[in-house]
Structure formats: structure tokens, C-alpha cells
Amino acid sequence: MIKKEDIPTPIIDNKQRKKVKIAENLEDRRFSTLYIIRRFIIYFLGIQRRRITNKPDIQKNANELRQIFEDLGGFWVKTGQLLALRTDLFPDEICEQLIRLQYEAIGFPMALVRSTIESELGAPMEKIFKDFDETPLAAASIGQVHRATLRSKRKPVIVKIQRPNLAEAFKRDLDLIKVVANLFISLNFMSYLRLDEAVSELDKIFNEELDYRYEASNTRNMRKTLKPHKIYVPKIYDKYSKRRVLVMEYIDGVLASDYIKVSNRDPVRASQWEDENDFDAEKVGEKIFISLLRQVFEDNLYHGDLHPGNIIFLRRSKVVFIDMGSVGSLDRDLRVTYNEYTNALTYGDFSKASNYIDIIRLLH
């Protein structure tokens with residue numbers, strides 16, 4: 001557990017944070033298969049037209065693709081975010097735009113939170129939690145997060161609750177994604193994107209994210225492997241963690257994303273916070289980088305979604321990793337090649353490093 005003396009002072013006033021909007025009547029936003037196919041056909045015809053007229057514009061292609069995912073919403077937003085991580089499949093411009101896709105900010109009402117928790121845990125909420133904050137901390141395409149206190153442990157916790165009817169919505173939208181991908185494959189549109197592999201990975205990732213027990217298992221494993229790295233991972237409360245509900249230790253720290261925002265916007269305030277909390281940004285950056293290398297080359301178990309929203313800073317430059325919904329490992333050939341690539345970068349042999357990147361793309 002995190003010691004009280006490691007809890008930092010806030011860097012952003014909670015009053016400055018936007019509250020999650022709650023949709024009392026959740027609309028089942030559904031687009032027909034023909035509408036989605038038409039959107040993508042128009043998109044790819046635009047790409048072909050620019051090619052034929054010798055006016056290719058990869059940046060415009062990237063912007064338009066991001067707009068399509070945003071308009072379709074829901075799982076399409078999540079799909080775009082996941083595809084943005086596949087830099088081996090997509091051009092940099094595409095990935096840079098897709099990574100900008102925002103998680104849904106619309107939450108679902110407390111009545112649905114209660115029914116999901118009580119259905120999964122088989123008991124009234126009052127018997128499980130001493131208190132439960134009805135205002136969500138955050139909402140995303142998969143679920144939303146609340147603060148609470150376990151009655152039996154008297155410990156503050158984070159409770160992740162999956163969105164209602166998510167499995168049905170997922171199957172419907174994934175089927176549509178497969179239809180679109182298969183259409184483009186048959187028409188030989190953008191074949192270099194290897195859409196069949198992308199869809200296969202989406203299928204695997206989504207099925208894992210639809211069951212919080214995968215994340216619970218990932219968290220337990222990463223908690224063990226990251227301990228020697230001096231990286232802390234929250235404790236999972238197994239008794240209260242099921243397929244659609246996940247209960248874990250609450251970490252009272254500062255998100256790296258908040259620290260970065262303040263550093264860019266108000267460097268004086270960031271420096272003041274660093275002094276207050278004995279925080280060394282360079283030391284922390286080195287710790288995270290070395291940990292990532294150890295995850296890949298020593299443990300062969302790495303955090304697959306290590307962005308600033310999943311990193312928490314504590315006093316005295318201590319670091320916490322959260323959200324283990326995506327954890328990966330590499331096969332031997334890919335790990336050896338990645339090691340050679342890293343060595344080439346270390347010695348400044350960028351030509352050799354570039355060659356290894358091509359090999360990595362082939363192996364992936």
C-alpha cells in the first residue's frame with residue numbers, strides 16, 4: 001500500500017477539472033452497415049482521386065479518417081485509438097491523427113452503475129461499500145470509474161464499471177468493422193495497411209477488454225514484475241472483481257498528463273510543485289525508460305498502453321503504473337531484433353537501426 005508520506009500535494013485544483021456529463025437516457029447510437037460502408041468508400045475514393053490527379057495528401061487522408069471515427073463514435077473511437085498504436089501498419093500521419101481521438105466523456109447514470117455492481121457481486125452496494133461517490137472520476141468507451149471505500153477493509157478504492165449492454169454493442173460494431181475491412185480487402189484498397197491483421201487484433205483486444213478479469217490478472221502479474229523496477233502497481237481486490245466490475249486500490253497521486261499540462265502552461269507552478277514534493281522529472285523519465293526496457297528484455301511482459309494518463313507521480317520521484325487492460329509479450333525473434341535495433345540507436349548507427357525497423361515490421 002502507498003504510504004501517507006508518499007502522497008503528493010495536488011498540482012491541479014479539482015475545481016478546474018471538467019465533470020463527467022451523465023446521459024440519463026442512454027441512446028443506442030447505431031449506424032446502418034450501408035451508411036458506414038458508404039462513408040469509407042467515399043473516403044477511399046477521395047484518396048484514389050488525389051492519387052490519379054497526382055495530388056496525394058497524406059495529411060488530409062489522416063484528418064478525414066480521424067473525422068470518420070469521431071462521427072461514428074462509440075467503439076469506432078476506441079478502434080481508432082487502438083489502431084493508432086500500430087505504427088508498424090499505418091503511416092505516421094495516420095497514427096498521429098488517430099491518437100488524438102478522445103475517449104467518450106458521457107457517463108451513464110447511477111441506477112445503471114448500481115444494477116451492474118449488484119448483479120456482478122451478488123449483494124446490495126451498501127453491504128460492499130461504506131461510501132460510494134456517485135460522481136464518476138472519468139468515463140470512457142468501455143466503462144467509467146468511481147471512488148469508493150470498501151466496508152470490510154475500510155480502504156479507499158477505485159471501482160471500474162463496464163458500460164451497459166457493451167457486449168451486444170461490441171459484437172454489432174465489430175461485425176460492421178469486419179464488413180468494411182473485408183470490402184476494402186476485396187477491392188484491393190490500401191492493401192499495405194494489412195487490414196485483416198488489424199481486425200484480428202481488434203477482435204482479440206476487445207474481447208479481453210470486455211472482461212475485467214483479464215485486466216485483474218494482468219495487474220497481479222505486472223505488480224510482481226515491476227516491483228524490482230521500483231514501479232508501484234495498485235492492489236486488486238479479487239473478491240470484488242468480476243467480468244464487468246473491477247475494484248482496486250485508490251492511488252492519491254498526480255497524473256503524468258496533469259503534470260505535463262501544467263509544465264507546458266505554467267512552468268513556475270510546475271517547478272514549485274517539484275520542490276514541494278522532492279520530485280526530479282529527469283530521474284523519473286530515466287526510471288520509466290529503463291523500466292520499459294526491462295519489461296521487454298528481462299520480463300518479456302510489458303505495459304501495452306503506457307501513455308501519461310496511465311502514469312501517476314508520487315513524492316520523492318516515485319512512480320505508479322495503472323490500467324493494465326493491455327499487456328503484451330514478444331516472441332523470441334522479434335525480441336532479439338528489437339534488441340539489435342536498440343543497440344544500433346545506442347551507438348548512433350541510424351542506417352542500421354532503420355534496417356532493423358523494416359525487419360521488425362516483417363516479423364510483427
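This note goes through the strand pairing, the salt bridges and the charged surface patches of a predicted model.

1. Strand S5, which spans residues 143-150, is a sensible place to begin, and the model shows this strand as mostly covered, with seven of its eight residues buried. Three neighbouring strands are paired with S5 in the antiparallel sense, and the next points take S3, S4 and S6 in turn.

2. Strand S3, made of residues 129-132, is joined to S5 by three bridges, and the two strands run antiparallel. A residue pair that can be used to check the register by eye is Asp131, which stands opposite Thr149 in S5.

3. Strand S4 consists of residues 138-139 and is joined to S5 by two bridges, again with the strands running antiparallel. Within this pairing, Ala138 has Val145 of S5 as its bridge partner. The connection between S4 and S5 is a hairpin, with three residues between the two strands.

4. Strand S6, residues 156-162, pairs with S5 over seven bridges in the antiparallel sense. Val145, already named as the bridge partner of Ala138, has Lys160 as its bridge partner in S6, and this residue is therefore a convenient point from which to follow the pairing to S4 as well as to S6. S5 and S6 also form a hairpin, here with five residues between them, and Arg154 in the turn adopts a positive phi of about 55 degrees.

5. A further sheet is open and built from four strands in the order S7-S12-S11-S9, with mixed pairing. Strand S7 (231-232) and strand S9 (254-255) stand at its edges with a single partner strand each, so that one side of each is left without a neighbour in the sheet. Strand S11, residues 311-313, and strand S12, residues 319-321, are paired antiparallel over three bridges, and Ile311 stands opposite Phe321 in S12.

6. Turning to charged side chains, the structure holds 12 salt bridges, and Arg114 takes part in two that deserve a closer look. In one of them the side chain of Arg114 meets that of Glu118, with an N to O distance of 3.0 Å; the two residues are four apart in helix H5 (residues 110-121), and are therefore separated by about one helical turn. Both partners are partly exposed, Glu118 with a relative accessible area of 26% and Arg114 with one of 29%.

7. The other salt bridge of Arg114 is made with Glu126, where the closest N and O atoms are 2.8 Å apart. This pair links distant parts of the chain, since Glu126 lies in helix H6 (residues 125-128) and Arg114 in helix H5, with the two residues 12 apart. Glu126 also counts as partly exposed, at 43% relative accessibility.

8. In helix H12, the side chains of Glu298 and Arg294 meet in a salt bridge with an N to O distance of 2.9 Å, and the two residues are four apart, about one turn of that helix. The partners fall into separate accessibility classes, because Glu298 is exposed with a relative accessible area of 52%, whereas Arg294, at 26% relative accessibility, counts as partly exposed. Elsewhere, Asp6, Arg316 and Lys318 are joined into one network by salt bridges that share partners.

9. A patch of negative charge on the surface gathers Asp278, Asp280, Glu282 and Glu286. Of these residues, Asp280 is found in the loop between helix H11 (267-276) and helix H12 (281-299), and at 38% relative accessibility it counts as partly exposed. Because a patch admits residues with over 30% relative accessible area and no salt bridge, the value of 38% for Asp280 is consistent with its place in this group.

10. A patch of positive charge on the surface is formed by Lys18, Lys21, Lys261 and Arg265. Arg265 belongs to helix H10 (residues 256-265) and is exposed, with a relative accessible area of 59%.

Technical notes
Residues are numbered from 1 along each chain as its sequence is written. This is a predicted model: local features need pLDDT of at least 70, side-chain atom pairs count only at pLDDT 80 or more; totals for chains, interfaces and linings use all residues. Side-chain values use heavy atoms; hydrogens and water are left out. Buried means under 20% relative accessible area, exposed over 50%, partly exposed in between (1.4 Å probe, protein chains only). Patches are made of residues with over 30% relative accessible area and no salt bridge: like charges are joined within 9 Å, nonpolar side chains (Val, Leu, Ile, Met, Phe, Trp, Tyr) within 5 Å. Accessible areas come from the Shrake-Rupley method with a 1.4 Å probe; for residues, only the protein chains shown count as cover. A salt bridge is a side-chain nitrogen of Lys or Arg within 4 Å of a carboxyl oxygen of Asp or Glu. Lys and Arg count as positive and Asp and Glu as negative; His and the chain ends are not counted. The place of a charge is taken as NZ of Lys, CZ of Arg, CG of Asp or CD of Glu.
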